[in-house]
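Me: Please take a close look at a single buried charged residue in this model and describe its surroundings in detail. I would then like to see how that site fits into the chain as a whole.

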Amino acid sequence: MCGIVAFVGTRPASPVLVEGLRKLEYRGYDSAGVAVHAGGDLAIVRAVGKLSNLDAALAKAPLAGTVGIGHTRWATHGRPSEANAHPHVSGPVAVVHNGIIENHVALRHELEASGVVFASDTDTEIVAHLVSRALAAGAGSLEAAVTAALGRVTGAYAIAVLSKTEPDVIVLAKDQSPLVLGIGEGELIAASDIPAILSTTRDVVFLQDGEMAILRRTGATFEAKLRTVSGEPVTRAPKRIDWSPAQAEKGGFKHFMLKEIHEQPRAIEDTLRGRIDLTAGDVVSQELGLEDAIATSIDRVYFVACGTSAHAAMAGRYWVEALARVPATVEIGSEVRYREPVFTPRDLVIAVSQSGETSDTLAAVKAARAGGARVLAIANVLDSAIPRASDGAFYTHAGPEIGVASTKCFTTQLAAMLMFAVWLGRRRGSLSVERAKSVLEALTHVPSLMREALEDDASIRLLAKRHLKARDMLFLGRGIGFPIALEGALKVKEISYVHAEGYAAGEMKHGPIALIDDAMPVVVVCPRDGHFEKTASNLAEVRAREGQIIAVGTKGDEELANLVAKHEGDLVTVPPSAPEVVHLLTVLPLQLLSYHMADLKGTDVDQPRNLAKTVTVE
Ligand code: M6R
């Protein structure tokens, strides 16, 4: 959702801010703005729409200062407009904010009653007025004024604040919205996410909930002071991030999504590295962040996640049940709070989240811990909120995922979950060493099989062209093929704006079959995964209603090739593999199909309309 960048240095701030905001575009936004200290004043430029509009506005009114804040806004309170774009100003103060001020209605009434005239519909403007009033009331410093203002607001926030009264200072604070501080050479930068700071520094400090950072330039000295909102000093050494700036670039691909699809073999290698002991047929415990004893003390695994991560969790459920023989369930993050779920100390909750910041998943983690459950996070972003709120973290190491449509994070989540299921099964005695070895070995072959599968990119583009006019699509799968079908449908919806439904193949007769006619492409995920015969029978049922078949099967499967030919369908194949890992491959053609449909339609592939990469609001 919204993105924040703040910079204190000696070079002009505005290009650094805009470059940082560009790296946060993937989070989703509809307007943008910057504020920079300039000649004793604050210069502010805002624009609706893409950053190119802000660029154009800045070209007309270049900003010279070296201290500033920037923001991309994803509208919550108030429509996208220049007036609602951040920074918001009150007296000497300018504020950018990510999150939601929950008591904004009461505070707005109170401020209006005392004579404040609002310039926007946003909740953020309240913060600007509160800070400005605190300064006017004699707070003595911007730090003290922000502290006073934060005492009045409830909700989720990451904020960056400037004041004309202190031209060398930026005050930052966070609660439930991400904020990371970068310590550069003679400069300081802060942002909502790591890619925005990588070209300045890789030495970062993750701010935690309830903390503030005061960035100050004194002559040639730069200082970042950390403290809690309640005033206790915080000391935290910077961590070195192993993501390179190049990983956050397109690297010659037309879109980040396409690059990330093709990065999957490398991403899986990174997820597996150092975690598999093939000789012992086991997964290295220390990597999971959970003590072995947990494996035998639990009665249930309860996955919680949203969107694509929930689809990965559904696959995880199959593996946990099949390999570890532990009852497993999956709950959508946003529904947990409406379920009054019963958590006990005998539950292991696995929170799956690429960003590690999804607010619904985070709320579920908190509910689980309150109920006494142990929580393991499977996340991609180091030190993000969900891993921090959990007992252990198993990182996917996929590198930065910039495209809003998740791809490499999905398959690395699958790899992490399969490793987890093996770890659990070995400790519970439900999985023999031999079977564990064969599953883990199959996993190590996945990167090279993925490389082979991705060679079909060009033929999948032709397939996308043939089905470009489709208004609706159906995706069917059985077993783990079912979450893969859901994921294929989600990808198509998200980026090509074609209505698509994912269904368990066995459910087709219970409703969706009524939708099938000659205008309906039906993607059937039917590799040799142990369910082939049953799923293949769906092909005939689809064709009998004149649906257009797109089958995803195993290379060299003559029976499938003949069936598809008989039904005048299209066949896409993935290389033969062990059944346990085949669906790390079947999802690849579905990702490519959705990508090419979207690209051929000319949609904004990396930043599809209305979507945000990190959903930090309920
Ligand atoms: O960061 P998370 O994995 O927690 O995000 C969950 C969903 O918002 C996310 O997977 C969303 O569905 C993606 N846009 C899918 O492509």
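Reply:

**Arginine 478 and its setting**

In this predicted model, arginine 478 sits in the loop that runs between strand 22 (472-477) and helix 17 (481-496). The residue is buried, yet no salt bridge is found for it. Glutamate 541 provides the nearest side chain of opposite charge, and it is 6.6 Å away. A salt bridge requires a side-chain nitrogen of Lys or Arg within 4 Å of a carboxyl oxygen of Asp or Glu, so the pair does not qualify. What the arginine 478 side chain does have is a polar contact of 3.0 Å with the side chain of asparagine 538.

Which residues surround this position, once neighbours within four places in sequence are set aside? Arginine 478 is in contact with Ala505 and Gly506, with Asp529 and His531, and with Lys534, Thr535 and Asn538. Asparagine 538 thus appears both in this list of contacts and as the polar partner of the arginine side chain.

A second basic residue offers a useful counterpart. Lysine 164 is located in the loop between strand 7 (155-163) and strand 8. With a relative accessible area of 35%, lysine 164 is partly exposed, whereas arginine 478 is buried. The side chain of lysine 164 makes a polar contact of 3.4 Å with the side chain of aspartate 41. Apart from residues up to four places away in sequence, lysine 164 touches His37, Gly40, Asp41 and Leu42, together with Gly91 and Pro92. Its C-alpha atom is separated by 57 Å from that of leucine 474, a residue 310 positions away along the chain. Leucine 474 falls within strand 22 (472-477), the strand that precedes the loop of arginine 478.

Other loops hold backbone features worth noting. The peptide bond from histidine 86 to proline 87 is cis, with omega near 0°; proline 87 belongs to the loop between strand 4 (67-73) and strand 5 (88-90). Glutamine 176, although not a glycine, has a positive phi of about 70°. Its loop connects strand 8 (169-175) with strand 9, and the residue is partly exposed at a relative accessible area of 33%. Arginine 325 also has a positive phi, of about 55°, without being a glycine. This arginine lies in the loop between helix 10 (307-324) and strand 18 (328-332) and counts as exposed, at 60% relative accessibility.

Strand 9, which follows the loop of glutamine 176, takes part in strand pairing. Strand 9 (residues 180-183) and strand 11 (residues 203-206) are antiparallel and share 3 bridges, with glycine 182 opposite valine 204. Strand 11 is also joined by 2 bridges to strand 14 (residues 239-240), again in the antiparallel sense. Here valine 204 stands opposite lysine 239. Valine 204 therefore faces glycine 182 in one pairing and lysine 239 in the other.

At the scale of the whole chain, there are 20 helices and 26 strands. The C-alpha atoms fill a box of roughly 80 × 55 × 45 Å along the principal axes. For 618 residues, a compact globule would have a radius of gyration near 25 Å, and the chain, at 25 Å, agrees with this. Buried residues, arginine 478 among them, make up 61% of the 618 residues. Among contacts with a separation of 6 or more, 72% are between residues 24 or more positions apart.

Note on methods. Residues numbered from 1 in each chain as written. Heavy atoms only, no water. Helix = DSSP H or I, 4+ residues; strand = E, 2+ residues; numbered from the N terminus. Buried < 20%, exposed > 50% of the residue type's maximum accessible area, 1.4 Å probe, protein only. Lys, Arg positive; Asp, Glu negative; His and termini not counted. Polar contact = N/O pair within 3.5 Å; in protein donor to acceptor, adjacent residues only side chain to side chain. Contact = heavy atoms within 4.5 Å. Rg over C-alpha atoms; globule rule 2.2 N^0.38 Å.
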